[in-house]
Amino acid sequence: MTQADQKIALITGASRGLGAAVCERLASQGYHVIAVARTTGALEELDDRIQAAGGSATLAPFDITDEEAVKRMCISVHQRWGGVDLWVHTAIHAAPLAPVAHIEAKDWDKTVAINITATARLITNIEPLLLAKSGTAVHVDDPLDGRKFFGSYGTSKAAQRALFESWANETSKTGPTVIRFTPNPMPTACRARFHPGEDRTQLFHPSEEAKRLVKQL
């Protein structure tokens, strides 16, 4: 397979959990993975696993709230590959649970910046890359809006869902394809913040959910 023929997958939130598992699964299916996350060490460990399994990846360690970094990454992707076949958005900030009346301003601001504003700006910058290859975007959903103490996180995930649903309706005839994936409960760091002391043996491994997602594609 030549570089021109290889499918390209962009994963935001790639350093751990479902994002890392999706990277490994896609790399095993022949995709070249562009792994985006803030944690350089975790990305390097991911790259080691991908290479050991015979796959390939490009690491992009930056904060998705830095729109200039997002733009530079997208320009580099366009120059090197022309576009992307797949974007899976798993990046998320999980603020501490709290009653709505007691959500701290710093937690709210960070949640909005990462989960809503950065998501909107990612869509703006990544859409041309997807259009170039008739690609697909995947929103990883977590419908907890309205539940007690999930005011901050649940609201931000509902806003993400609204963004992706509007985008899907707007592009249903023109592309890119926009779909939603709701994973089963997994023993991730995000879930551990919400459910300390939970019996994690009853949860689904991220690799299982990554396999299910890729099968749907």
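The largest pocket is lined by 44 residues. Thr90, Ala91, Ile92, Thr188 and Cys190 lie nearest its centre. The model is predicted, and the pocket in it holds about 1,100 Å³ of space. Several elements contribute to the lining. Helix 1, strand 2 (32-37), helix 4, helix 5 and helix 6 (189-194) each supply at least two residues. Helix 6 gives the largest share, with five residues. The chemistry of the lining is mixed: 21 residues are nonpolar, 13 are polar and ten are charged.

Now step back to the whole chain. The protein has seven helices and six strands. Along the sequence they run β-α-β-α-β-α-β-α-β-α-β-α-α. The radius of gyration is 17 Å, close to the 17 Å that the globule rule gives for 217 residues, so the protein is as compact as a globular protein of that length. Its C-alpha atoms fill a box of roughly 55 × 40 × 30 Å along the principal axes. Of the 217 residues, 46% count as buried.

Helix 1 is one of the elements that line the pocket. This helix covers residues 17-28. Does its length fit, and what does a helix of twelve residues predict? At 1.5 Å a residue, helix 1 should span 16 Å. Its end C-alpha atoms are 17 Å apart, which agrees. Much of the helix is hidden from solvent. Leu18, Gly19, Ala20, Ala21, Val22, Cys23, Leu26 and Ala27 are buried in helix 1. An α-helix has 3.6 residues a turn, so residues three or four places apart point the same way. Helix 1 is followed by Gly30, whose phi is positive, near 100°.

Aromatic contacts come next. The whole structure has six aromatic pairs. One of them joins Trp87 and Phe164. Their ring centres are 5.8 Å apart, and the planes meet at 40°, which makes the pair tilted. Trp87 sits in strand 4 (residues 86-89) and Phe164 in helix 5, so the pair ties together parts that are 77 residues apart in sequence. Are these two residues buried or exposed? Trp87 is buried, and so is Phe164. Trp167 joins Trp87 and Phe164 in one aromatic cluster.

Helix 5 also leads to the enclosed space in the model. The structure holds one cavity of 30 Å³ or more. About 30 Å³ of space lies in the largest cavity. Which residues line the largest cavity? They are Ala95, Pro96, Leu97, Ala98, Ile103, Phe149, Gly151, Ser152 and Tyr153. By class, the lining has seven nonpolar residues, two polar residues and no charged residues.

Two of these lining residues deserve a closer look. Gly151 is found in helix 5. Its relative accessibility is 15%, so Gly151 counts as buried, the cut-off being under 20%. Gly151 is 127 residues from Glu24 in sequence. In space the two are 33 Å apart, C-alpha to C-alpha. Phe149 lies in the loop between strand 5 and helix 5. Phi of Phe149 is near 75°, a positive value in a residue other than glycine. Phe149 has a relative accessible area of 45%, so it is partly exposed.

Ser134 also has a positive phi, of about 50°, although it is not a glycine. Ser134 is placed in the loop between helix 4 (105-132) and strand 5 (136-140). Where does its accessibility put Ser134? At 68% relative accessibility, Ser134 counts as exposed, because the cut-off for that class is over 50%.

The last backbone feature follows helix 5. The peptide bond from Gly175 to Pro176 is cis, with omega near 0°. Pro176 lies in the loop between helix 5 (151-170) and strand 6 (177-181).

Helix 5 links several parts of this account. It supplies at least two residues of the lining of the largest pocket. Phe164, the partner of Trp87, lies in helix 5. Gly151, a lining residue of the largest cavity, is found in helix 5 too.

Note on methods. Residues numbered from 1 in each chain as written. Predicted model: local features only at pLDDT ≥ 70, side-chain atom pairs only at ≥ 80, totals over all residues. Heavy atoms only, no water. 1 Å grid on protein atoms, 1.4 Å probe; cavity = no way out; pocket = protein on both sides within 12 Å on 5 of 7 lines; lining within 4 Å. Points joined across faces, edges and corners; volume = space filled by probe spheres on them. Nonpolar A, V, L, I, M, F, W, Y, C, P; charged D, E, K, R; others polar. Helix = DSSP H or I, 4+ residues; strand = E, 2+ residues; numbered from the N terminus. Buried < 20%, exposed > 50% of the residue type's maximum accessible area, 1.4 Å probe, protein only. Expected span 1.5 Å × (residues − 1). Phe/Tyr/Trp six-rings, centres within 6.5 Å; stacked < 30°, edge-to-face > 60°. Rg over C-alpha atoms; globule rule 2.2 N^0.38 Å.
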